[in-house]
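Subject: Handing over a structure, with notes

Dear colleague,

I am passing on the structure below, together with a written account of what was found in it. Please keep it open beside the text as you read.

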Amino acid sequence: MKADVDPNLIVYFDGQYRPMRDARIGILTHALHYGTGVFEGIRAHWDESAHELYLMRAREHYQRWKHNSGILHIEVPLSSEELCAITVELARRNGFRTDLYVRPLAYKCAQRVGVAFDDQNAFFIAAVPFGEYLHSDQGIHAGVSSWRRIDDNAIPARGKICGAYANSALASDEAHRCGFDEAILLNEAGHVTEGATCNLFMMRNGRLITPAITENVLEGITRDSIMELARHELSLEIVERPIDRSELYICDELFLTGTAVGVAPVTRVDHHPVADGEIGLVTHSLRQLYVDAVHGHLRDYRKWLLPVYAGGPAEREAQPAATSFA
Ligand SMILES: Cc1ncc(COP(=O)(O)O)c(C=O)c1O
């Protein structure tokens, strides 16, 4: 079992920086009962060589959060830039010199019983030290879930809406009980969508394939980063199209992407080895490129990073992978 977070951590709650133990919400909070909140997950990576903590694509995460909150008629009353500044200040006040996970949550805060919501909204931002989410160095074993991915016309999967995560929680729990590391969910049409907390990519016949954003998937920011790296560093053709379940069993490579998981190679699905059961060349290269990018080692991708301390990027350079898979 994972340890609880230190209650003395400073969080941003009710417009103030305060210890988490003083940030409390009432038991009748609308979002607690009906799932009417929208959250985000943002990573910061500590680079020991530069003594710097880099927030990864924080502005894009906050833009997504503001858009998605609008689905529940919640207006986050600050700009993405202001939210980034609060996050930097939060990391500084806690003196974090380690990898972080930042959790903003906007929610319906009325204290009453009744599902219809009103315009009483609140938000907070918490940041917690966070290491590896999936131990994926050797590749993981994923299982196709018996739970279907929630449909856009039920609760939009792209929304990061709290209530929709009961779907992810059920699928994750089932996967773990069955001995898998992660669940892969199909939509009602039977097509592959994504993992419980991550997007999915497959290599087949030299092309990188991922479900389109209309297949009930989260419009992942890591997904977008990986597509940019694949296109520009590996000259790969990327195809967004429906993926059948059986393609998972015959593809050349398979991996998952997300803020929490990074790039997680899948080497077995439903007890089938993916190709020879080893981590593939493209997966390995993209994983390395991603690790280098988020630590500020790739000049072209420093545009993604917001440094917490010095306000300046690391000086050290790593070479992008020279291999082309075109
Ligand atoms: C259901 C789901 N899919 C995909 C992702 C990956 O999205 P991102 O790369 O923006 O973290 C996440 C994590 O946020 C998620 O919860």
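Let me begin with the ligand, which is surrounded by 14 residues, the closest of them being Leu218, Gly220, Thr222, Gly258 and Thr259. Two elements give two or more residues each to this shell, namely α5 (221-234) and β14 (253-258), and of these it is α5 that gives the most, with three residues. Sorted by class, the shell around the ligand consists of nine polar, three nonpolar and two charged residues. Please bear in mind throughout that this is a predicted model.

The helix α5 also has a place in the strand arrangement of this part of the chain. Strand β12, residues 207-210, pairs with strand β13, residues 237-240, in the parallel sense, and four bridges join the two; within this pairing, Arg207 stands opposite Glu237 in β13. On the way from β12 to β13 the chain passes through α5, and the resulting β-α-β crossover is right-handed.

Turning to the overall division, the protein chain is split into domain 1, which covers 10-129, and domain 2, which covers 140-294. Their centres, taken over C-alpha atoms, are separated by 26 Å. Where the two meet, 22 residues of domain 1 are in contact with eleven residues of domain 2. On the side of domain 1 that touches domain 2, the elements that contribute two or more residues are α1 (30-34), β3 (37-39), β4 (42-47), β5 (52-56) and α2 (58-71). The largest share of that side comes from α2, which supplies five residues, and by class the residues of that side are ten nonpolar, seven polar and five charged.

Two of the elements on that side, β4 and β5, are worth following further. The strands β4 and β5 run antiparallel and are joined by four bridges, with Leu55 in β5 as the bridge partner of Ala44. On another pairing, β4 is also antiparallel to strand β6, residues 100-108, this time over three bridges, and here Arg43 has Tyr101 in β6 as its bridge partner.

What lies between β4 and β5 in their hairpin? Four residues separate the two strands, and His51 in the turn has a positive phi of about 50 degrees. As background, most residues other than glycine have a negative phi. His51 is exposed, because 11 other C-beta atoms lie within 10 Å, where a count of 12 or fewer is what the term requires. Seen against the start of domain 1, His51 and Ile10 are 41 residues apart in sequence, and their C-alpha atoms are 21 Å apart in space.

A second residue with a positive phi is Arg57, a residue other than glycine whose phi is near 50 degrees. Arg57 is placed in the loop between β5 and α2. Is Arg57 buried or exposed, given its C-beta neighbours inside 10 Å? Arg57 counts as buried because it has 22 such neighbours, and the term applies from 20 upward.

Two further positions may help you to find your way around the model. Cys251 sits in the loop between α6 (247-250) and β14, the latter being one of the elements that give residues to the shell around the ligand. Cys251 has 20 C-beta neighbours inside 10 Å and therefore counts as buried, since 20 or more is the condition. Apart from its neighbours within four places in sequence, Cys251 is in contact with Met202, Met203, Arg204 and Val274. Between Cys251 and Arg223, which are 28 residues apart along the chain, the C-alpha separation is 19 Å.

The other position is Pro7, in the segment before β1 (10-13). Pro7 is exposed, because it has 11 other C-beta atoms within 10 Å and the limit for that term is 12. Not counting residues up to four places away in sequence, Pro7 touches Pro19, Met20 and Arg21. Pro7 and Gln63 are 56 residues apart in sequence, and from C-alpha to C-alpha they are 28 Å apart in space.

With kind regards

Definitions and conventions
Residues numbered from 1 in each chain as written. Predicted model: local features only at pLDDT ≥ 70, side-chain atom pairs only at ≥ 80, totals over all residues. Domains from an automatic or database assignment. Contact = placed C-beta atoms within 7 Å. Nonpolar A, V, L, I, M, F, W, Y, C, P; charged D, E, K, R; others polar. Near = placed C-beta within 6 Å. Pairing = 2+ DSSP bridges. Right-handed = clockwise from strand over helix to strand, strands pointing away.
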